[in-house]
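Colleague: Before I rely on the labels attached to this model, I would like to hear how each of them is justified.
Modeller: Then let us put the structure up and take the labels in turn.

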Amino acid sequence: MAREVPAVFGSVFHQDMPVLAFENGSWQEVRWQQANELSLAPGAHCLHYGSECFEGLKAFRQKNDDIVLFRPDANIARMQQSAKLLHLPVPEAEAFHAALVELVARAADEIPDAPAALYLRPTLIGTDPVIGKAGVGSSNALLYILASPVGDYFKAGAPMKLLVETEHMRCAPHMGRVKCGGNYASALPWVTKAREEYGAHQVLFCPNGDVQETGASNFALIKGDEIITKPLTDEFLHGVTRDSVLKIARDMGYQVSERNFTVSELKEAVENGAEAILTGTAAVISPVTSFVIEGKEIEVQSQERGAAIRKAITDIQYGLVEDRHGWLVKVKP
Ligand SMILES: *Cc1c(COP(=O)(O)O)cnc(C)c1O
């Protein structure tokens, strides 16, 4: 059985791909096609006016060889929300869920053991082949799902240096909660500059001092028994991992504070021994090792609490502990 972990995250795909099309005003039956190409009109709406959004979730091979999906319905609901905000046809939850489950079942033999996984990338694109439709949403759309065996994105002890950016935003504030490619393009100038000028791994966007998130992960501060993160607003992406981390942290006895906080509070907390974490599907939790604030680097003194919360979540994913929150959807056997 081929269960190799490709060296580059997301570079190898399972051969089959489900495609759900919205045509003539309704969603069509799922079609299965080869995942190595997609035919699209060069005038397609998504290629000109950014009518595109995506999702990222994982399936796991558990300790007893069961194959499970982690919280797929949360990702389906989030894509429905993104579609609405981008004026794209809203995918039907049931057909979307069924396509995900069948894709994972078809790719099951390629899912590596822990700590690897199968990463799933549902993508919704507007396909109207009319370049005159700049000021209207696309009436036709395709939802397709890629499946990619991936290794462990998390590397214990790896440096994670964040540049604290207080002048620029990741994206337009009303787009923050939309998981769309355009937001990534929008953040690229600052992310590239941070890497080149400061050797930073990520940018922590804190417009006017308000601590929000990085280019692709949510952010939380762990200060003693308190875990602090921004409350859900339109300005940033509502991560499934963020939600899982907060629930698990509560189980572990942390006090969860969803409130606004500033760069000054962050700086003072870190100087006094607080931890900081990034949360997202790829790595679950990446503990932050240092911040660059106003040109000065500040070390984060420990990464232990973040690592312990991470383990509590991956233990559920790989079937080492009971799934008390009902997060897993069994695909096989
Ligand atoms: C996807 C994403 C996250 C993390 O979301 P998860 O559901 O936890 O994977 C955070 N921020 C941004 C900008 C994202 O695109």
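**Reasoning behind the labels**

Modeller: One caution at the outset is that this is a predicted model. As for the ligand, 15 residues surround it, and the closest are Lys179, Tyr184, Glu213, Thr241 and Thr281.

Colleague: What makes the approach of Tyr184 to the ligand a polar contact?

Modeller: An N or O atom in the side chain of Tyr184 is 2.6 Å from an oxygen atom of the ligand, and the cut-off for a pair of N or O atoms is 3.5 Å, so the pair counts as a polar contact. The side chain of Thr281 likewise has an N or O atom 2.6 Å from an oxygen atom of the ligand, while for Thr241 a polar side-chain atom lies 2.7 Å from a ligand oxygen atom. Taken alone, the ligand exposes 380 Å², and the protein buries 96% of that.

Colleague: How do the residues of the shell around the ligand divide by class?

Modeller: That shell has four nonpolar, seven polar and four charged residues.

Colleague: Why is Glu275 called buried?

Modeller: Glu275, which lies in strand 14 (residues 275–280), has 0% relative accessibility; buried means under 20%, and therefore Glu275 counts as buried.

Colleague: Which partners do the polar atoms of the Glu275 side chain have?

Modeller: The Glu275 side chain makes a polar contact with the side chain of Ser302 at 2.7 Å, and a polar atom of the Glu275 side chain lies 2.9 Å from the backbone nitrogen of Gly306.

Colleague: Why is Ala141 called buried?

Modeller: The relative accessible area of Ala141 is 1%, and since the limit for buried is under 20%, the label therefore applies to Ala141. Ala141 is found in strand 8 (residues 141–150), and its C-alpha atom is separated by 9.1 Å from that of Cys46, although the two residues are 95 apart along the chain.

Colleague: What makes a space in this structure a cavity and not a pocket?

Modeller: A cavity is a set of points where a 1.4 Å probe fits but cannot get out, whereas a pocket is an open set. The structure holds two cavities of 30 Å³ or more, and about 120 Å³ of space lies in the largest cavity.

Colleague: How do you know which elements line the largest cavity?

Modeller: Its lining includes Leu57, Lys58, Phe60, Val240, Thr241 and Ile313, and strand 5 (57–61), helix 5 (240–251) and helix 7 (304–317) each supply at least two residues of that lining. Strand 5 gives the most, with three residues. By class, the lining of the largest cavity divides into six nonpolar, five polar and one charged. Thr241 and Thr281 both line this cavity, and both are also among the residues closest to the ligand.

Colleague: What makes up the lining of the second largest pocket?

Modeller: The second largest pocket has a volume of about 330 Å³. Of the 15 residues that line it, the closest to its centre are Leu163, Val164, Glu165, Thr166 and Tyr198. Strand 9 (161–165), helix 4 (181–198) and strand 16 (290–293) each supply at least two residues of this lining, with helix 4 giving the most, four residues. By class, the lining of the second largest pocket has eight nonpolar, three polar and four charged residues.

Conventions:
Residues numbered from 1 in each chain as written. Predicted model: local features only at pLDDT ≥ 70, side-chain atom pairs only at ≥ 80, totals over all residues. Heavy atoms only, no water. 1 Å grid on protein atoms, 1.4 Å probe; cavity = no way out; pocket = protein on both sides within 12 Å on 5 of 7 lines; lining within 4 Å. Points joined across faces, edges and corners; volume = space filled by probe spheres on them. Nonpolar A, V, L, I, M, F, W, Y, C, P; charged D, E, K, R; others polar. Near = heavy atom within 4 Å. Polar contact = N/O pair within 3.5 Å; in protein donor to acceptor, adjacent residues only side chain to side chain. Areas by Shrake-Rupley, 256 points an atom, 1.4 Å probe, with all protein chains shown as cover. Buried < 20%, exposed > 50% of the residue type's maximum accessible area, 1.4 Å probe, protein only.
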